[in-house]
Amino acid sequence: METIQTYNENVLNTYKRYPVVFNKGKGVWLFDKNGDKYLDMCAGIAVSGLGHSHPAIVKAIRKQAGKLIHTSNLYYNEVNGELAAKLTAVTGYSKVFFCNSGAEANEAAIKLARKFGKLTLGEKKHKIITMSNSFHGRTIATITATGQPKYQKDFTPLLGGFVYAEYNNIEAIEKLVDSETAAIIVEPVQGEGGVHPADFEFIKKLRELCDKYNALLIFDEIQTGVGRTGTMFCYEQYAPVKPDLFTSAKAIAGGLPMGVLFVSEKLKDILQPGDHASTFGGNLVCSAAAIAVLDTIQKDKILSNVVKSSKYIFEKLNSMKKEFPVIKDVRGLGLLIGMETDIPAPELVNELLTKKIVTVPAGANVVRFIPPLIIKTKEIDFMLSGLREILVKRK
Ligand code: PLP
């Protein structure tokens with residue numbers, strides 16, 4: 001209890017934390033102060049894609065920390081350059097910008113879109129269309145982009161120039177888009193908003209509208225990126241449609257803070273020296289960890305495990321849905337899975353925690369299963385049996 005009290009006395013009260021103090025992790029398991037073992041079906045909210053203390057990540061961090069931790073983006077360094085080259089090679093996008101978080105990557109995307117608008121049509125082309133129920137971060141620009149009034153209400157006035165349309169409803173977008181639209185921003189799967197994948201047709205039409213009005217299509221892949229949905233980035237599943245720019249963060253550096261903006265060829269020269277910056281962006285230790293993440297995903301065939309484990313979880317949860325009417329829906333992509341029930345999500349998350357299963361809510365009635373991408377059948381079975389015990393009691 002000592003640690004919890006220390007937090008309560010010293011840390012701003014911005015989180016409703018669950019009453020557990022973790023101090024060790026290995027693979028898909030977390031351990032609390034008493035040595036009790038928990039199955040991590042949350043992965044630090046889609047961050048620890050390769051699980052905890054992955055030897056390749058630990059080795060890369062140790063090696064780089066002993067050599068050089070930080071210089072500045074005023075100078076070059078080998079490790080960040082190597083990472084940038086790997087990221088452009090793996091995606092086919094032309095250039096990247098490094099920062100430290102998802103919100104910052106989205107800020108960079110918004111700034112780039114605004115400058116693109118100005119260069120194209122002048123001051124007027126600044127409108128950004130975003131989706132209701134979306135989530136793009138907690139800075140003022142990104143809560144403005146986040147189409148959920150609950151995150152915005154106490155922080156007005158918001159940033160100007162944003163308009164909101166219903167997700168997966170192309171008519172709603174058609175009503176808003178025009179030549180003054182600089183960009184449309186969308187999550188290929190809405191994560192925080194309740195785990196809703198975007199329809200293929202919706203994304204295809206967004207692309208057509210962006211092409212028609214010379215607006216940029218931005219994908220927020222903060223949560224869906226780095227293997228989470230079974231491909232390296234989720235946009236690959238909407239081929240041949242591609243965003244003009246997309247953002248990634250969370251899992252990209254294996255648990256160290258890093259955000260990345262990827263831009264296509266036509267956008268590679270929009271931002272110029274002085275337009276944007278980040279002191280820590282692309283930090284050497286984070287870059288070394290990110291290289292280890294990318295190499296391990298390829299070497300250990302992590303994406304095929306995501307596809308296999310996803311299929312297994314969906315099959316099992318869908319059959320439980322037939323057995324337990326309290327389960328209303330099971331949806332998602334890859335290992336970004338939402339289970340909607342009649343039970344308030346925080347309550348079910350707490351009950352799962354008593355069964356030593358760590359999950360996270362996504363909206364009022366949806367529990368998210370976003371485990372490390374290395375999860376195996378036996379571990380999934382542990383989660384399913386804990387969940388079953390809870391549901392049987394409630395039947
Ligand atoms: N965008 C999406 C889709 C997210 O899920 C999140 C975080 O959950 C963010 C942006 C914000 O990322 P960060 O918390 O790293 O700023």
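This passage describes two sheets, one buried threonine, two cavities and one pocket of a predicted model.

Because the model is predicted, local features were accepted at pLDDT of at least 70 and side-chain atom pairs at pLDDT 80 or more, while totals for chains, interfaces and linings use all residues. Residues are numbered from 1 along each chain as its sequence is written, and side-chain values rest on heavy atoms, with hydrogens and water left out.

We may begin with the sheets. Helices (H or I, at least four residues) and strands (E, at least two) are DSSP runs numbered from the N terminus, and two strands count as paired if DSSP finds at least two bridges between them. One open sheet holds four strands in the order β1-β2-β3-β15, with mixed pairing. Its edges are taken by β1 (22–26) and β15 (357–358); each has a single partner strand, so one side of each lacks a neighbour in the sheet. Four bridges join β1 to β2 (residues 29–32) in the antiparallel sense, and Lys24 stands opposite Phe31 in β2.

Another open sheet of four strands runs in the order β13-β14-β17-β16, and here the pairing is antiparallel. Its edge strands, β13 (327–333) and β16 (360–361), each pair on one side only. Within this sheet, β14 (residues 336–341) and β17 (residues 366–369) are paired over four bridges, and Gly338 has Arg368 of β17 as its bridge partner. Helix α12 (residues 345–354) packs on the sheet and touches β14, β16 and β17, where contact means heavy atoms within 4.5 Å. The direction of α12 makes about 45° with that of β17; axes are lines fitted to C-alpha atoms, for helices over the stretch in contact, and angles run from 0 to 180 degrees between N-to-C directions.

Strand β5 (residues 127–131) contains Thr130. With a relative accessible area of 0%, Thr130 is buried (under 20%, against over 50% for exposed and partly exposed in between, using a 1.4 Å probe and protein chains only). Leaving aside residues up to four places away in sequence, Thr130 touches His136, Thr144, Ala145, Phe162, Val163, Tyr164, Ala165 and Ile185.

Turning to empty space, a search of the whole structure gave two cavities of 30 Å³ or more. On a 1 Å grid over the protein atoms alone, a cavity is a set of points where a 1.4 Å probe fits but cannot get out, whereas a pocket is an open set with protein on both sides within 12 Å along at least five of seven lines; lining residues have an atom within 4 Å of a point. The largest cavity holds about 70 Å³, and its lining includes His70, Thr71, Asn283 and Leu284. That lining has one nonpolar, nine polar and no charged residues. The second largest cavity, of about 40 Å³, has Gly49, Leu50, Val226 and Leu373 among its lining residues; by class, these linings count seven nonpolar, two polar and no charged residues for the second largest cavity.

The second largest pocket has a volume of about 1,100 Å³. Of its 29 lining residues, Asn73, Val96, Phe97, Phe98 and His276 lie nearest the centre. At least two lining residues come from each of α4 (78–91), β4 (95–99) and β12 (259–263), and β4 gives the most, with four. The lining of this pocket comprises 14 nonpolar, eleven polar and four charged residues.

Methods
Points joined across faces, edges and corners; volume = space filled by probe spheres on them. Nonpolar A, V, L, I, M, F, W, Y, C, P; charged D, E, K, R; others polar.
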